[in-house]
Amino acid sequence: MKFFSFVLILGLSFGFTNCYSLEKPYNYGNPYLPSPEFTEDDPQFEEGEPVWILDQTGNWIFSLPSKLVLWNLKADNHHISKETKEYLIRYIKENNLRDVKVRFNQYAPLSEWKRLPKNKNINPVIRYFFGSISLLAYTFLPGRLLAGTVGGDHYNSFTNTINVYSDLPAVVIHEGGHAKDFAQREKRTLYATMYAIPVVGSLYHEARASDDALNYFAEKNDKEQLESSYELLTPAYSTYVGGAIGDVVANPITALTVIPGHIYGRYKKRDIDSELEKRKQKIQFKEPK
């Protein structure tokens, strides 16, 4: 219990004090390593064919835990609107993520297994070991049905793929933030290994992705999505703290750790106007006259 308390305090302190500031300028990404582009036969953005009974079962049964945790019906709802897709597509293009695959509510295990050997930017031993574990989960516990109870929206660094099931721009940009974070690393093998380490790795990576999402919306002066980001991403970060001694959603402690995330997110939401004004002043001060 003392260990959990320590992890809780450490995780929340890092996530809430060292990140989520809107005052710093936004840096658009540029991959550190070569980034081969997609072809017509293998498009960068794909979407699963609608299957009413499958999507509705996933939406109203298996996604209930994530809906309750985030307090939002669009979490893992398996119906991504055109607006949400455009948010992520624009983000991907603006940050030059030319080799990142994006799957909107799609189950494509064969295609994902084929992508694993193509990711030459991660050492093959690490890639095949951790990547196979992640793809076995993807294959036999498909997010297309189980998202919200087992897994959900996520970025797989070993196949360099973003999987989206929620109709929430803040959430999908957060996943894009993971891809951008990895793309800018020289030593991706080490970084991917860190991400695979429970607790410590996930807390650091999740904080960076959320911070990038918030600053991206601040750069666009998108107050609606900034408010949504604070309401969704701060409690979502708390679930990783709650998952320190178990599964993120299944662990009942998540119900407790997510509460301060909701409180903090709504508290920070009140400061959006003042933070955007400070950001504007800083940028103007730094611009050459």
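**Figure 1. Asn105 in the loop between S2 and helix H5.** Asn105 is placed in the loop that runs between S2 and helix H5 (109-115). The model shown in this and the following views is a predicted one. Although Asn105 is not a glycine, its phi is positive, at about 50°. Asn105 has a relative accessible area of 4% and is therefore buried, since buried means under 20%.

**Figure 2. Asn96 in the loop between helix H4 and strand S2.** The loop that holds Asn96 connects helix H4 (82-94) with strand S2 (101-104). Asn96 is a residue other than glycine, and its phi is positive, near 55°. With a relative accessible area of 27%, Asn96 is partly exposed. Asn105, shown in Figure 1, is buried.

**Figure 3. The packing of helix H8 with helix H9.** Helix H8 covers residues 169-183 and helix H9 covers residues 188-196; their axes are 10 Å apart and form an angle of about 140°. Because of this angle, H8 is oblique to H9. On the side of H8, the contact is made by His178, Asp181, Phe182 and Ala183, and on the side of H9 by Arg188, Tyr191, Ala192 and Tyr195. Sorted by class, the residues of this contact are five nonpolar, one polar and two charged.

**Figure 4. The buried face of helix H9.** Arg188, Tyr191 and Ala192 are buried in H9. When H9 is seen down its axis, the buried residues fall within an arc of 100°, so they line one face of the helix. Arg188, Tyr191 and Ala192 also take part in the contact with H8.

**Figure 5. The surroundings of Glu206 in helix H10.** Glu206 belongs to helix H10, which is formed by residues 200-219. The relative accessibility of Glu206 is 3%, so this residue counts as buried. Apart from neighbours within four places in sequence, Glu206 is in contact with His174, His178, Tyr195, Tyr237 and Tyr240. Two of these partners, His178 of H8 and Tyr195 of H9, also belong to the contact shown in Figure 3. Gly177 is 29 residues away from Glu206 in sequence, and the C-alpha atoms of the two residues are 9.0 Å apart in space.

**Figure 6. Lys269 in helix H12.** Helix H12 is formed by residues 254-269 and includes Lys269. Lys269 has a relative accessible area of 24% and is partly exposed. When neighbours within four places in sequence are left aside, Lys269 is in contact with Glu227, Tyr230 and Glu231. Lys223 and Lys269 are 46 residues apart along the chain, and 9.5 Å separates their C-alpha atoms.

**Figure 7. Glu275 in helix H13.** Glu275 is part of helix H13, which consists of residues 272-286. The relative accessible area of Glu275 is 7%, so Glu275 is buried. Not counting residues up to four places away in sequence, Glu275 touches Ser21, Leu22, Glu23, Tyr230 and Lys268. Tyr230 is also in contact with Lys269, the residue of Figure 6.

**Figure 8. The chain as the setting of the close-up views.** The chain contains 13 helices and four strands. It has 289 residues, of which 51% count as buried. Among the contacts in the chain with a separation of 6 or more, 75% join residues 24 or more positions apart. The accessible surface of the chain is about 14,400 Å², and carbon and sulfur atoms account for 62% of this surface.

Conventions: Residues are numbered from 1 along each chain as its sequence is written. This is a predicted model: local features need pLDDT of at least 70, side-chain atom pairs count only at pLDDT 80 or more; totals for chains, interfaces and linings use all residues. Side-chain values use heavy atoms; hydrogens and water are left out. Axes are lines fitted to C-alpha atoms, for helices over the stretch in contact, and angles run from 0 to 180 degrees between N-to-C directions. Helices (H or I, at least four residues) and strands (E, at least two) are DSSP runs, numbered from the N terminus. Angles under 35 degrees count as roughly parallel, over 145 as roughly antiparallel, 65 to 115 as roughly perpendicular and the rest as oblique. Contact means heavy atoms within 4.5 Å. Ala, Val, Leu, Ile, Met, Phe, Trp, Tyr, Cys and Pro count as nonpolar, Asp, Glu, Lys and Arg as charged, and the others, Gly among them, as polar. Buried means under 20% relative accessible area, exposed over 50%, partly exposed in between (1.4 Å probe, protein chains only). Accessible areas come from the Shrake-Rupley method with a 1.4 Å probe; for residues, only the protein chains shown count as cover. The arc is that of the directions from the helix axis to the C-beta atoms.
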